[in-house]
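User: I'm new to this one and would like to learn how to read it feature by feature. Can we start with the empty spaces?

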Amino acid sequence: YCWPRYAAEVVLALEAVGLRAICLRFLEWARHVQADNGFWEQRYWLNGERGPAWCTIEGHFQLDQVGSMLLAIERVMTALPEAPRAETMRRFWPVVEKGAQFLEAHLDEETGLAQPGCDLWETFRGSFTYTNASLWAGLRAAANLARGEGENALAQRWEASAAMIKAAVLKRFWTGSF
């Protein structure tokens with residue numbers, strides 16, 4: 001299986017040991033399996049076919065993998081030398097845009113948090129710290145990439161959405177002590 005939620009961790013590990021070409025191959029694979037609405041399923045077979053998944057109906061999505069994939073794309077793009085980065089970003093910009101728009105569409109304007117979905121273990125339904133942190137990281141990554149593409153309005157919008165999530169998490173999930 002391939003679990004998109006672990007994309008950022010995989011990419012960071014591969015980058016750390018100098019295997020950037022493998023990172024790009026992974027992201028090319030991810031580009032091809034992304035749904036038209038910007039979502040990545042919770043798991044795939046390596047050939048790109050959807051793997052066994054439990055949280056695929058609206059209202060039960062696991063949103064964290066979308067944020068993780070956007071963070072992974074940003075990490076790889078910012079590590080590329082300038083010339084191949086521009087060409088590579090042209091291929092990935094639609095992926096980033098669809099992913100960020102998907103995340104925005106799944107924010108609860110009233111709470112400032114991710115809409116309820118399934119947790120990492122497909123046990124509970126709600127809006128969880130890990131999920132919100134993934135959305136925050138993904139939207140910040142998308143904003144950084146948008147700025148690099150000259151899409152300043154999108155960058156500002158996605159940064160504002162990320163700031164809303166952060167404020168809501170600190171207000172609702174943080175007690176101020178360890």
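User: Which residues line the largest pocket?

Analyst: Here's the general idea: rolling a probe the size of a water molecule over the atoms shows where empty space is left. In this predicted model, the largest pocket is lined by Met 77, Thr 78, Glu 82, Arg 85, Ala 86, Met 89, Asn 144, Leu 145, Gly 148 and Glu 149. The space in that pocket comes to about 170 Å³.

User: Which helices supply that lining?

Analyst: At least two residues of the lining come from each of α3, α4 and α5. The largest share is that of α4, with four residues.

User: How many cavities of 30 Å³ or more turn up in the whole structure?

Analyst: The search finds one, and the space in the largest cavity is about 30 Å³. Its lining is made of Phe 61, Gln 62, Leu 63, Gly 117, Cys 118, Gly 126, Phe 128 and Thr 131.

User: Let's step back to the whole chain. What order do its elements run in?

Analyst: Reading from the N terminus, you get α-α-α-α-β-β-α-α. That is six helices and two strands. Of the 178 residues, 47% count as buried. You can also look at contacts between residues at least 6 apart in sequence: 68% of them join residues at least 24 apart.

User: And how do I read the core?

Analyst: Start from a general tendency: in soluble globular proteins, nonpolar side chains tend to be buried together. Here, the largest nonpolar core has 45 residues, and those with the most contacts inside it are Leu 27, Trp 40, Ile 73, Val 96, Leu 139 and Trp 158. Helices α1 (7-16), α2 (20-33), α3 (64-79), α4 (82-105), α5 (129-148) and α6 (152-173) each bring at least two residues to this core. The largest share, eight residues, comes from α4.

User: Which residues does Ile 73 contact, leaving aside its neighbours within four places in sequence?

Analyst: Ile 73 is in contact with Leu 27, Phe 92, Val 95, Val 96 and Leu 145. Leu 27 appears again among the buried residues of α2, along with Cys 23, Phe 26, Glu 28, Trp 29, Ala 30 and Val 33.

User: How far does α2 reach from its first C-alpha to its last?

Analyst: With 14 residues, α2 reaches 20 Å, close to the 20 Å expected at 1.5 Å a residue. You can run the check on α6 too: its 22 residues should span 32 Å, and its end C-alpha atoms are 31 Å apart, which agrees.

User: Which residues of α6 are buried?

Analyst: First, the general pattern: an α-helix has 3.6 residues a turn, so residues three or four places apart point the same way. In α6, the buried ones are Leu 154, Ala 155, Trp 158, Ser 161, Ala 162, Ile 165, Ala 168 and Val 169. They cover an arc of only 160° around the axis, so they sit on the same side of α6. That buried set packs against α4 and α5. On the face turned away from the buried side, you'll find the exposed residues Ala 153, Gln 156 and Lys 171.

User: Why does Ser 161 count as buried?

Analyst: Ser 161 counts as buried because its relative accessible area is 11%, and the cut-off for buried is under 20%. This residue lies in helix α6. Not counting residues up to four places away in sequence, Ser 161 touches Glu 104, Leu 107 and Leu 139. Leu 139 is also one of the residues with the most contacts inside the largest nonpolar core.

Technical notes. Residues numbered from 1 in each chain as written. Predicted model: local features only at pLDDT ≥ 70, side-chain atom pairs only at ≥ 80, totals over all residues. Heavy atoms only, no water. Core = buried A, V, L, I, M, F, W, Y, C linked by side-chain atoms within 4.5 Å. Buried < 20%, exposed > 50% of the residue type's maximum accessible area, 1.4 Å probe, protein only. Contact = heavy atoms within 4.5 Å. Expected span 1.5 Å × (residues − 1). Arc of directions from axis to C-beta. 1 Å grid on protein atoms, 1.4 Å probe; cavity = no way out; pocket = protein on both sides within 12 Å on 5 of 7 lines; lining within 4 Å. Points joined across faces, edges and corners; volume = space filled by probe spheres on them.
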